[in-house]
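Biologist: Please show me the model. I would like to ask how its labels are earned.

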Amino acid sequence: MTSFEDADTEETVTCLQMTVYHPGHLQCGIFQSISFNREKLPSSEVVKFGRNSNICHYTFQDKQVSRVQFSLQLFKKFNSSVLSFEIKNMSKKTNLIVDSRELGYLNKMDLPYRCMVRFGEYQFLMEKEDGESLEFFETQFILSPRSLLQENNWPPHRPIPEYGTYSLCSSQNSSPTEMDENES
């Protein structure tokens, strides 16, 4: 037998691709501490994002960001072989928006396969690629030069003030209305 035949079968690894945008990223160097290469992490690791480099795996060079802004943790649903991510807001000052759901301090939810995560002027388009490995996962950052909300046709977004929230309620009816052909 050759070494090729004896080699272990390589497992695919779950990857969370994060396309990031902030309007001041060029002037302020906000993302300078983040590596824009794929990074392999143990599946047991809770990955924290924020400005404190002693606590957070991914840091932002921005005083508007909380010491720990949010965390991601990998988990496996009962009776499933697929790994999922859970996102938790760790900021007491700023709510985290996942698609249209607003998460307050310590609120958490399952991360959809593709979603927009926002806080302040930060935008993260998160997309998960499934893998087989239960031991590791990967992250990959991509820097977007343009607003992800406009580029991906997400609903308009108002920045959340540092000490506050905004309401997702709207007085407009967003459900489709059926009309007869003769109606205008």
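Biologist: Why does H22 count as buried or exposed?

Modeller: This is a predicted model, where local features need pLDDT of at least 70, side-chain atom pairs count only at pLDDT 80 or more, and totals for chains, interfaces and linings use all residues. Residues are numbered from 1 along each chain as its sequence is written, and side-chain values use heavy atoms, with hydrogens and water left out. Now the label. Buried means under 20% relative accessible area, exposed means over 50%, and partly exposed lies in between (1.4 Å probe, protein chains only). H22 has 8% relative accessibility, so H22 counts as buried.

Biologist: Where is H22 found?

Modeller: H22 sits in the loop between β1 and α2 (25–28). Helices (H or I, at least four residues) and strands (E, at least two) are DSSP runs, numbered from the N terminus.

Biologist: What does the side chain of H22 reach?

Modeller: The H22 side chain reaches the backbone nitrogen of G24 at 2.9 Å. Leaving aside neighbours within four places in sequence, H22 is also in contact (heavy atoms within 4.5 Å) with I30, F31, D62, E121 and Y122.

Biologist: What makes a set of residues a nonpolar core?

Modeller: The set must hold buried Ala, Val, Leu, Ile, Met, Phe, Trp, Tyr and Cys residues, joined through side-chain atoms within 4.5 Å. Here the largest such core has 31 residues. Those with the most contacts inside it are F60, L72, I87, L111 and M126. Strands supplying at least two residues each include β1 (14–21), β6 (83–89) and β11 (122–129). Apart from this core lies another, of five residues, among them Y21 and L125.

Biologist: Which residues does I87 touch?

Modeller: Not counting residues up to four places away in sequence, the partners of I87 include F70, L72, V98, L111 and V117.

Biologist: Why is M116 called buried or exposed?

Modeller: M116 has 0% relative accessibility, so M116 counts as buried. Its place is in strand β10. M116 and V98 are 18 residues apart in sequence and 5.8 Å apart in space, C-alpha to C-alpha.

Biologist: What makes the phi of N79 worth a look?

Modeller: Most residues other than glycine have a negative phi. Phi of N79 is near 60°, a positive value in a residue other than glycine. N79 lies in the loop between β5 and β6. N79 counts as exposed, because its relative accessibility is 73%.

Biologist: How do you know whether D99 is buried, exposed or partly exposed?

Modeller: D99 has a relative accessible area of 25%, so D99 is partly exposed. D99 is in the loop between β7 and β8 (101–103). Phi of D99 is near 55°, a positive value.

Notes:
Polar contact = N/O pair within 3.5 Å; in protein donor to acceptor, adjacent residues only side chain to side chain.
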